[in-house]
Amino acid sequence: MLCLTVFFPIKNLVIEGSKIYNTQELIKASSVKVGDNLFTASAGEIEALLKNKLPFVDSIKLERKLPDTLKITVKDAYEFAC
């Protein structure tokens with residue numbers, strides 16, 4: 001477990017794609033922080049957190065860019081019926 005805390009910390013967190021929510025709202029809702037491990041970040045967990053806290057998130061795509069960048073691309077939900 002020590003190797004996961006020492007190696008590959010997230011130094012750059014990039015969130016893009018949402019026209020509804022700003023970057024700070026998405027970062028706060030995702031619970032991902034600078035310093036977390038790049039490889040323990042789970043796309044499923046992050047997507048579940050975002051969908052539970054922000055209703056207009058449809059899906060996310062998670063990309064790890066070595067050595068220290070985590071990129072989250074958010075797809076906004078759209079209206080289906082009125």
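**Group meeting: a predicted protein model and its three strands**

Let me begin with one pair of residues: Ile15 has Ile72 as its bridge partner in β3. This is a predicted model, in which local features need pLDDT of at least 70 and side-chain atom pairs count only at pLDDT 80 or more, while totals for chains, interfaces and linings use all residues. Residues are numbered from 1 along each chain as its sequence is written, and side-chain values use heavy atoms, with hydrogens and water left out.

I turn now to the overall layout. The protein contains 3 helices and 3 strands, and from the N terminus on their order is α-β-α-α-β-β. Helices (H or I, at least four residues) and strands (E, at least two) are DSSP runs, numbered from the N terminus. The C-alpha trace spans about 50 × 20 × 15 Å along its principal axes. Of the 82 residues, 30% are buried. Here buried means under 20% relative accessible area, exposed means over 50%, and partly exposed lies in between, with a 1.4 Å probe and protein chains only.

How do the strands pair? Strands β1 and β3 are parallel, with 5 bridges, whereas β2 and β3 are antiparallel, with 8 bridges. Two strands count as paired if DSSP finds at least two bridges between them. In addition to the pair I opened with, Val14 has Lys71 as its bridge partner in β3. On the other side of the pairing, Lys65 stands opposite Thr69 in β3.

Is β3 largely enclosed or open? Since 6 of its 8 residues are buried, β3 is largely enclosed by the rest of the structure. Strand β1 shows an alternating pattern: Leu13 and Ile15 point to one face and are buried, while Asn12, Val14 and Glu16 point to the other face and are not.

Next comes the interior. The largest nonpolar core holds 18 residues, and those with the most contacts inside it are Leu26, Ile46, Leu50, Val57, Leu70 and Ile72. At least two residues of this core come from each of β1 (12-16), α2 (23-30), α3 (43-53), β2 (57-65) and β3 (69-76). A nonpolar core is a set of buried Ala, Val, Leu, Ile, Met, Phe, Trp, Tyr and Cys residues joined through side-chain atoms within 4.5 Å. Which residues does Ile46 touch, not counting those up to four places away in sequence? They are Ser30, Val32, Ala41, Ile60, Leu62 and Ile72. Contact means heavy atoms within 4.5 Å. Among contacts between residues at least 6 apart in sequence, 53% join residues at least 24 apart.

Finally, I come to the backbone. Most residues other than glycine have a negative phi, and most peptide bonds are trans. Phe8, although not a glycine, has a positive phi of about 60 degrees; Phe8 lies in the loop between α1 (2-6) and β1 and is partly exposed, at 38% relative accessible area. Ser31, also not a glycine, has a positive phi of about 65 degrees. Ser31 belongs to the loop between α2 and α3 and counts as partly exposed, at 37% relative accessibility.

Where is Pro67 placed? Pro67 sits in the loop between β2 and β3, two strands that form a hairpin with 3 residues between them. The peptide bond joining Leu66 and Pro67 is cis, with omega about 10 degrees.
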